[in-house]
Amino acid sequence: MEDKPNFTYSRAEKLKSKKLFEILFAEGKSVTQFPLRMVYVQTDATQDLAIKAGVTVSKRKFKSAVKRNRIKRQLREAYRLNKAILFDNSPANYALLIMYLGNEMPESEQIHKSMVGLLLKFKGKIGNRG
RNA sequence: CCAGCAGGUCACCUUAUCGCCGUGUGCUAAACUUGUUUUAGUGCAAGGAGGAAAGUCCGGACACCAUAGUGCAGCAUAGCGGGUAACGCCCGUCACUCUAGUUCGCUAGGGUAGGACAAGUGCAACAGAAAGCAAGUACAGGUAAUGCUGUAGUGAAACCAGGUAAACUCUAUGCGGUGAAACGUCAUGUAAAUCAGCGUUAAGAGUUGCGCGCUCGUGUUGAAGGGUAGGCGGUUAGAGCUUUUAAGUAAUUAAAAGUCGAGAUAAAUGAUAAGGUAUCUUUGGUUUUAUCCAAGGAGAACAGAAUCCGGCUUAUGACCUGCUUUUUUU
C-alpha cells in the first residue's frame, strides 16, 4: 500500500449498476465544489470494493458527443489520480457519481484542483458522521 | 495570379509519464465436474473510431408476432434500356430546357415531381359581351320568331375545342407490423399473468383506418415458467478489403492470388507535458511581378462505432489533376 501509489481505474471500480444510478438520483446526498458536484450514497458492505465511482456530463449542456467524451475523460483522469484521498480509511462503502456543472469546455488543471477540493470535502463530511 | 466547375487523395507526427478495452501467450493461486477446465492476480506481444462513425431519409440481411390472412382505403415510385440482394440509388440513352461557343449543320456542360387532360371533376392573369350553364356587341344573310348562320373584334385558345395532373383523379408497379432495449438462453425466485385437455359459448373485449376473418373470455384438471434488474449468446469473416486478368461505352460482373481490420454496454480506443510538420499571418530585405531569405505570432477542420451492409443528405480542413473565364507583364 505504501510502496506504490495505486492510480488504476479498472472496470470493477466503475459504477455500472442501473439500480444504483436510480438510487443515487432518488436519494443521494451531494457535495459541490464548482464546477463539480458529487452525489453519493452508502451501499452494502457485501460488495467487493469499498468505493465505486462514475462520471456524467449533461447531454443538455453539451450536445456534441465528442465534447461530452472529452470532459468525461478529464473527470475520470482527475478521479483516478486523486482517489487515494478516499482510500486511506473509508469508514463505509459508498457509490459516487461526479457531475460536471459548467457550461464551457474546462481546463484540465482546473478540473484537477476542483477534484481534490471535492474529495476532501466529501471525506470531511463522512468522517464527521462516522 | 485570382475565381468557378469536375474528379481524386489524406484525415497531423514524435517522445516521456500515468491509465482504459478485448485478443493471444507465459507464470502464480484457488475451485472442483482433474481438464488444451473455470475464476482471480500478474508479466509480455501485436491491435484498438469515421469519411462522414452524424441526420435516421430510402433499400436490404437477420429475428419475432394470424393482432401476421383478405377486401376497400392509404402510402411510395413514374420516358426507355441496363446494373444490383434491393432501392426513391447508380450507369447509359432519348426528349424538353438552361448556359457558353458556333463555320448556323451543330458542339460542350448543367437541369428535369419527363405515364395519362382519348373517362369524370376542378382551375386560369390581362383583354373580351362571353373562357360554362348563364348571357350576348357590330355588319350581312335567313326565319313566323329566336345567336339560327357567317364574318369582324379580344385572346395562346371562342358555342367548340385547347392548356393545366409539384389540381383532384385515372393507369401501371410495389408495400403486413415491430426493430438488437428484436430474439434465444442461464441462474435467483413469489402471486391474480403462460400452455395443454375437457365442458360452456351469452353479453362483450382486442386489432392498423374500416368491414370480413382471427384471437380472448368462464369453470375445472394437469404442466411448465413470466415481469424487473443481471450474466452469456445474437456480435463482428462480411452482398468484406487489396492486386491482377477478362467481359462491358459505363454502372457493374466473373475468375485467380493475397489478406483479417474495434467490439464497448453510464458505454473503452485516452489524459498530461514538451517538441515539431502541413498551412495561415505580421514585419523587414530582394525582385518589374511571381518568388526567395530572415525574425515573430497562430497552428489542425467537421466530428465519437453501439446488430450488420448498400445508398442519399448534411457538416468540414488541406493537397493534387484537368477544363473554362478575366487581368497584368514579356
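## Exercises on a predicted protein–RNA model

β1 and β2 of chain A form a hairpin, with 2 residues between them. The structure is a predicted model, and the exercises below start from this hairpin.

**Exercise 1. Describe how β1 and β2 pair, and find which residue of β2 is the bridge partner of Val-31.**

Solution.
- Step 1. Strand β1 covers residues 29-33 and is joined to β2 by 5 bridges.
- Step 2. The two strands run antiparallel.
- Step 3. The bridge partner of Val-31 in β2 is Met-38.
- Step 4. Now look at the loop between β1 and β2, where Pro-35 is found. The peptide bond leading from Phe-34 to Pro-35 is cis, and its omega is near 5°.

**Exercise 2. Work out in which sense β4 pairs with β2 and in which sense β4 pairs with β3.**

Solution.
- Step 1. Take β2 and β4: they pair over 7 bridges in the antiparallel sense. Here Gln-42 stands opposite Tyr-94 of β4.
- Step 2. Take β3 and β4: 7 bridges join them too, but these strands run parallel. Val-55 stands opposite Ile-98 of β4.
- Step 3. Put the pairings together. β1 is bridged to β2, β2 to β4, and β4 to β3.
- Step 4. Set this against the sequence, along which chain A reads α-β-β-β-α-α-β-α. That pattern holds 4 helices and 4 strands.

**Exercise 3. Find which residues have the most contacts inside the largest nonpolar core, and which elements each supply at least two of its residues.**

Solution.
- Step 1. The largest nonpolar core has 24 residues, and those with the most contacts inside it are Met-38, Leu-75, Tyr-79, Leu-96, Ile-98, Met-115 and Leu-118.
- Step 2. At least two core residues come from each of β2 (36-42), β3 (51-57), α2 (65-82), β4 (94-100) and α4 (108-129).
- Step 3. Follow Leu-75 as an example. Apart from neighbours within four places in sequence, Leu-75 is in contact with Val-55, Ile-98, Tyr-100 and Ile-111.
- Step 4. Check how covered β3 is: 5 of its 7 residues are buried, so the strand is mostly covered. For chain A as a whole, 22% of the 130 residues count as buried.
- Step 5. Turn to sequence distance. Of the contacts in chain A between residues at least 6 apart in sequence, 82% join residues at least 24 apart.

**Exercise 4. Decide for two loop residues, Phe-62 and Gly-28, whether each is buried or partly exposed.**

Solution.
- Step 1. Place the residues. Phe-62 lies in the loop between β3 and α2, and Gly-28 in the loop between α1 and β1.
- Step 2. Count neighbours and apply the cut-off. A residue needs 20 or more other C-beta atoms within 10 Å to be buried. Phe-62 counts as buried because it has 20 such neighbours. Gly-28 has 17, so it counts as partly exposed.
- Step 3. List the contacts, leaving out residues up to four places away in sequence. Phe-62 is in contact with Val-57, Lys-67, Arg-68 and Ile-71. Gly-28 touches Val-39, Tyr-40 and Val-41.
- Step 4. Compare sequence separation with C-alpha to C-alpha distance. Phe-62 and Gly-124 are 62 residues apart in sequence and 32 Å apart in space. Gly-28 and Leu-96 are 68 residues apart in sequence and 9.0 Å apart in space.

**Exercise 5. Describe the surface near RNA strand B by residue and class, and say which element gives the largest share.**

Solution.
- Step 1. RNA strand B is surrounded by 25 residues, the closest being Thr-8, Arg-11, Phe-21, Arg-73 and Ser-108.
- Step 2. Two or more residues of this surface come from each of α1 (18-27), β3 and α2. The largest share, 9 residues, belongs to α2.
- Step 3. Sorted by class, the surface has 10 charged, 8 polar and 7 nonpolar residues.

**Exercise 6. Find which element of chain A has the lowest mean pLDDT and which has the highest.**

Solution.
- Step 1. Start with the chain: the average pLDDT is 78, and 80% of the residues score at least 70.
- Step 2. Among the elements, α1 has the lowest mean, 72, and α2 the highest, 88.
- Step 3. Recall the general caution: predicted coordinates should not be read in detail where pLDDT is low.
- Step 4. For the complex, the predictor gives an ipTM of 0.85 and a pTM of 0.78.

Definitions and conventions:
Residues numbered from 1 in each chain as written. Chains lettered and ligands numbered in written order. Predicted model: local features only at pLDDT ≥ 70, side-chain atom pairs only at ≥ 80, totals over all residues. Buried ≥ 20, exposed ≤ 12 C-beta atoms within 10 Å, placed from the backbone. Contact = placed C-beta atoms within 7 Å. Core = buried A, V, L, I, M, F, W, Y, C linked by C-beta atoms within 7 Å. Pairing = 2+ DSSP bridges. Near = placed C-beta within 6 Å. Nonpolar A, V, L, I, M, F, W, Y, C, P; charged D, E, K, R; others polar. pLDDT = per-residue confidence, 0-100.
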